[in-house]
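Me: Got this model open and want to walk through it with you. Mind if I fire off some quick questions?
Reply: Go ahead.

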Amino acid sequence: MARHRGRGVATINYPIGMNLGGDPSQALVHSNPTGKFTVSLSSIDLGQGMKSVTRQICAETLGVPIEDVYVDTADSDTGPHCMGSFASRGTHRVGNAVMAAAREARGVMMEAAAEELEVDPGDLETDGRGSIHVKGAPHRAISVRDVAIAAQFRQGKTISGRGIFLVPLSEVDPETGEMSPATCYAHACQIVDVEVDDETGDVTVLKMTSAYELGRAINPKLVEQQLVGGSWMGMSHALYETPEPYYPDAREGPRDFNEYLMPGPGDICPHDIIVLERPAADGPFGAKGPGEMCANPSLPAIANAIFNAVGVRIDELPITPERVLRALRARGRSVAPSRAR
Amino acid sequence: MLEMRKDIFADERDDDLREVGRPTQRQDILGHVTGTSAYYDDHHFANLLHLKVLRSPHPHARIRSIDDAAAARAPGVKRIIRGADVPVNLNTLLSLIQFGKDDEPSLATETVRYRGEPILAVVATSERAARQALELVRISYDPLPAVFDVEDALKPGAVSVNPVYPKNTFDYHRKYDHQKLRFGDVEAAFAKADMVFEERYQMSPIEHAPTETNGSIAVPDTNGRFTVYTSTQALFFSLDTSAKINAMPSNQLHFIGGTVGGGFGGKVDTLTEPLAILAARLTGAPVRYRLSRHEEMQFGSPRGAERIYIKDGVMRDGRIVARKVRAYFDSGAYTRLSSYAVVKCVAHIPGPYTIPNVHGDVYCVFTNRTPATAMRGFGVTALDFALECQMDKDAVAIGMDPLEFRVLNAYRDGDMKAHRRVAKNCALIECAQVAAERAHWPLRDEFRRMSSRKGGGEARAEAVADRTLKPAPPGAPRTPASSSQRAAYERPPADAKSPASPARDMPSPAAPPPSGSTHGVRRFSSIFGTRRR
Amino acid sequence: MKTPIQLRLNGEDVATFADGGANLLDVLRYSVGDLTVKGGCWQGTCGTCTVLVDGAPRLACVTLAESCSGNSVETVAGLRRGADLHPLQTAFMEHFAAQCGYCTPGMLMAAKALLDRNPNPTREDVVDAICGNICRCTGYEPIIAAILDAARKDARRSA
């Protein structure tokens, strides 16, 4: 009886956004009379950071400081349509819609500024600190605040913009499955080290080392939140969770968190994360989305690590101590698993 | 803990952005750490009523009779709602995008098809009063045989779960009980392969377990509207579904949400809003319907279980030459979103690898269990588990390093994928190299030198040439839209590709919307609206 | 039959009437109006509703409200030190230790109970203190890091 260490790997990709039905989202951006901007959405922040990611995209596009943008969501009377927060579509679809709306608003802002400075709008640029100036002549400047006041009270312009981003619906061929399921994909490779106790069947995850490629990371801390939390969920799926422990037998279902198991704060492991950015041609600033794919490699990587540790394949989830022990016992009797022809 | 490798793919990016790329604090963080972020239940109403549903104790049964007289007289009870009170008591979520047939009642009337299916709702002055009244309802059932295993459900003579899909499978394209993927010739490739492996994988059902359970509060507003505070993760999906079930114009509903205590896919199904609105209409008072933790765990939809068979043909030099996948999604008693997951799963086969011969058959199967729904990685998580375990077995069997085996077979820019789109913007090889370096996983030099941007295309782009289906003749008439399947799901002639010019991996143009109703219900969707037709 | 209940809530005296058998969570949220306390399971298994009763962490959803009458109750609404955030709140912000934010109030109160009795906790102490609090988003690591950091910074400030 002993503890055995093992190491497993998985490499995966993940489609960004919904691949069926057409996948639109809309956004509205407008300035108040003193040059502060509101983004109106009906998209949902479930914790993934929708409000924060769209705020950064809007500020970047407008060329104003982040403090001057506030994201208001989700009210069906004021926020235009969004399909919803699922399918890793938030950053890519909603981000693009916000970018389009912010671009339109910026266009009006620059026209209004040009009128005040009596120059061509094309000669102007934003400094990202709340000011607009003539390219190459920073002293010929006007604040966004003064532009907004002028637009509202003198020029009669609305500094506002509408945006929509639509990935048209994907045809699916009944015979071949030919389709355009997504416009871009995120990628990951995860290496997991585990320890398996052959007496109790317990599996301890010792360390994760991962590389994720997710297009432009709009906010590396929010990306980290998704990757750390997502790989925890992957570990949980692999080793702990199910509402039907004896599936397809539907009995013995857990009713609360004493019976539905997930790894607690004492069951987590160090996780080395490296992020790569290969920008997507149609992503906002090249962004894809980290939300869903980060959980996926952990399930097989852990299963493969268990094989590496104790030489048994467990092809049924979750990999409970009971399943590990049964597999170890079965291995004693069975022939080698290779089916070479 | 997190390192950005800006040096990789640096030539494809300008890193001169001001706000994007910065670790800016979350906009909502102050609210979170002070407990002042307002979730749906943080709206307080003095005369709030509470809705609880009675759930079936049987996985499959005919309802013989319902006696709710005593419950109606119980203290605090304001109203009992039965299936007959629901204006449109049959719906399917994806009817909003014209995909699938209405198959699920809000409250079961004649038959219950899973343990926990709602039959009746009590609206009372407190949750406790509602629960106590539910104890007084007497229902007599004739239990029916039930089916729980996806493959049992497909056998001849199996119990029929869902009368809208009597053969226990979702209809694809009005002619198949599954979605197909066909690329190259797997059988010929298996015959030539050095080794062939076939394995079976079983993904468990999984509960989303958000710390905030599903719920909503519907409040009668002035001017005949209803304000709905909701935990939904898809505001207009839920609004339009609620409008449909309640036969109300969508502008009579004002949904407020957006700050949600976790979802992970479990808050798309609009489990509570339609009945909360109906109850608010029937009582004239604000009504909250929130799932208990037990309900959330057993009767809120889970991630569906999937059973997956994979057969690989592999050469001794490490190339995978054929992959055949057969998968069964356990949808539970009703469709919800599993029909869609099947399509996403088909698109994901054979994983991020370039394999010249691929064959997939994926089924959406009905069983007598809680209907399944989306969850983080929907349609892909289970397949990735199966594929990546299979990759490991393949590598071990041919005596190759498992990571080198993956790098060797990884897809690269310019390769043809099995769903007949050219791969671009690939980065699997680079992820593998970077992770291997950090974890000191020994990769040989030739694998360290490989790149997603080199060595793809050419022969690897032509794998499909011998098997492309005959394209529809130009100008051929479109099949008219009818019955269960959206017209857009068919292949318009404009989209037909000749084998010589494989399609780029770009969105295909939108097909015209179907003419008229697709399944007998009113078209109401705010998603496409009526303006387009 | 309503029962009178008097609490010292975050340093202020509050009084209300509650149904017999009402739990502290419902009384705090719906009678007193402190909506910073969240409910997650109503069966004592998730820790979301953690509050401090006379300084000790309690699951409000399974605590009889009447049993707290005359006691001091602390919720996240009283965590600030005057106009300033509590060091735990600052640390949770700096460490990005919240995503959906729903478990955060209970997590903060469990952490406060720990730091109040043990200003220099080890990682194991922190894990013990929050192991009854479910978080579905973060994977716990940022929360543990935030609590350890808050303890360090608070110790430095008091020193």
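Me: What's the bridge partner of B:Ile66 in β7(B)?
Reply: In this predicted model, B:Ile66 bridges to B:Ile139 of β7(B).

Me: OK, and how many bridges join β3 of chain B and β7(B), and in which sense do they pair?
Reply: There are 6 bridges, and the pairing is antiparallel. Strand β3 of chain B covers residues 61-67.

Me: What's the strand order in that sheet?
Reply: It runs β5-β3-β7 in chain B, an open sheet of 3 strands with antiparallel pairing.

Me: Which strands of chain B stand at the edges, and why is one side of each left without a neighbour?
Reply: Those are β5 (111-112) and β7 (138-143) of chain B; each has a single partner strand, so one side of each has no neighbour in the sheet.

Me: Staying in chain B, is helix α7 mostly covered or mostly uncovered?
Reply: Mostly covered. Helix α7 spans residues 273-283 of chain B, and 8 of its 11 residues are buried.

Me: Which ones are buried in α7(B)?
Reply: B:Glu273, B:Pro274, B:Leu275, B:Ala276, B:Ile277, B:Leu278, B:Ala279 and B:Ala280.

Me: And what does B:Gly284 do just after α7(B)?
Reply: B:Gly284 takes a positive phi there, about 75 degrees.

Me: Zooming out, what does the domain assignment give for chain B?
Reply: Two entries: domain 1 is 50-144 + 208-298, and domain 2 is 152-205 + 302-461. The C-alpha centres of these domains of chain B are 37 Å apart.

Me: How many residues does each domain of chain B put into the contact?
Reply: Domain 1 of chain B gives 20 residues and domain 2 of chain B gives 22 residues. On the domain 1 side of that contact in chain B, the split is 7 nonpolar, 8 polar and 5 charged.

Me: Switching to chain A. How is that one divided into domains?
Reply: Domain 1 of chain A is 3-15 + 182-331, and domain 2 is 23-167. The C-alpha centres of domain 1 and domain 2 of chain A are separated by 38 Å.

Me: How many residues of each domain of chain A are in contact?
Reply: 15 residues of domain 1 of chain A touch 15 residues of domain 2 of chain A. The side belonging to domain 1 of chain A has 7 nonpolar, 6 polar and 2 charged residues.

Me: How many helices and strands are there in chain A?
Reply: Chain A has 6 helices and 11 strands.

Me: Is chain A a compact globule or more spread out, and why?
Reply: More spread out: the radius of gyration of chain A is 26 Å, and the globule rule gives 20 Å for 341 residues, so chain A is well over that value. The C-alpha atoms of chain A fill a box of roughly 90 × 45 × 45 Å along the principal axes.

Me: What percentage of chain A is buried?
Reply: 61% of the 341 residues in chain A are buried. Also, among contacts in chain A between residues at least 6 apart in sequence, 76% join residues at least 24 apart.

Me: Now between chains. How many residues go into the contact of chain B and chain A?
Reply: 124 residues from chain B and 119 residues from chain A. The chain B side of that contact with chain A has 66 nonpolar, 25 polar and 33 charged residues.

Me: Which strands of chain A and chain B pair in the parallel sense over 3 bridges?
Reply: Strand β11 of chain A (residues 271-276) and strand β1 of chain B (residues 2-4). One detail to click on: A:Ile273 has B:Leu2 of β1(B) as its bridge partner.

Me: And what about chain A with chain C, how many residues there?
Reply: 16 residues of chain A are in contact with 19 residues of chain C. The chain A side that touches chain C has 6 nonpolar, 8 polar and 2 charged residues.

Me: Last one, what are the domains of chain C?
Reply: Domain 1 of chain C is 2-78 and domain 2 is 87-158. Their C-alpha centres in chain C are separated by 21 Å. The contact takes 16 residues from domain 1 of chain C and 13 residues from domain 2 of chain C.

Me: Which elements give two or more residues to the domain 1 side in chain C?
Reply: β3 (50-53) and β4 (56-59) of chain C. The largest share of that side of domain 1 of chain C comes from β3(C), with 3 residues.

Notes. Residues are numbered from 1 along each chain as its sequence is written. Chains are lettered from A and ligands numbered from 1 in the order in which they are written. This is a predicted model: local features need pLDDT of at least 70, side-chain atom pairs count only at pLDDT 80 or more; totals for chains, interfaces and linings use all residues. Two residues are in contact if their C-beta atoms, placed from the backbone, lie within 7 Å. Ala, Val, Leu, Ile, Met, Phe, Trp, Tyr, Cys and Pro count as nonpolar, Asp, Glu, Lys and Arg as charged, and the others, Gly among them, as polar. Domain bounds come from an automatic or database domain assignment. Two strands pair if DSSP finds at least two bridges between them. Helices (H or I, at least four residues) and strands (E, at least two) are DSSP runs, numbered from the N terminus. A residue is buried if 20 or more other C-beta atoms lie within 10 Å of its own, exposed if 12 or fewer, and partly exposed in between; C-beta atoms are placed from the backbone. The radius of gyration is taken over C-alpha atoms; the globule rule is 2.2 Å times the number of residues to the power 0.38.
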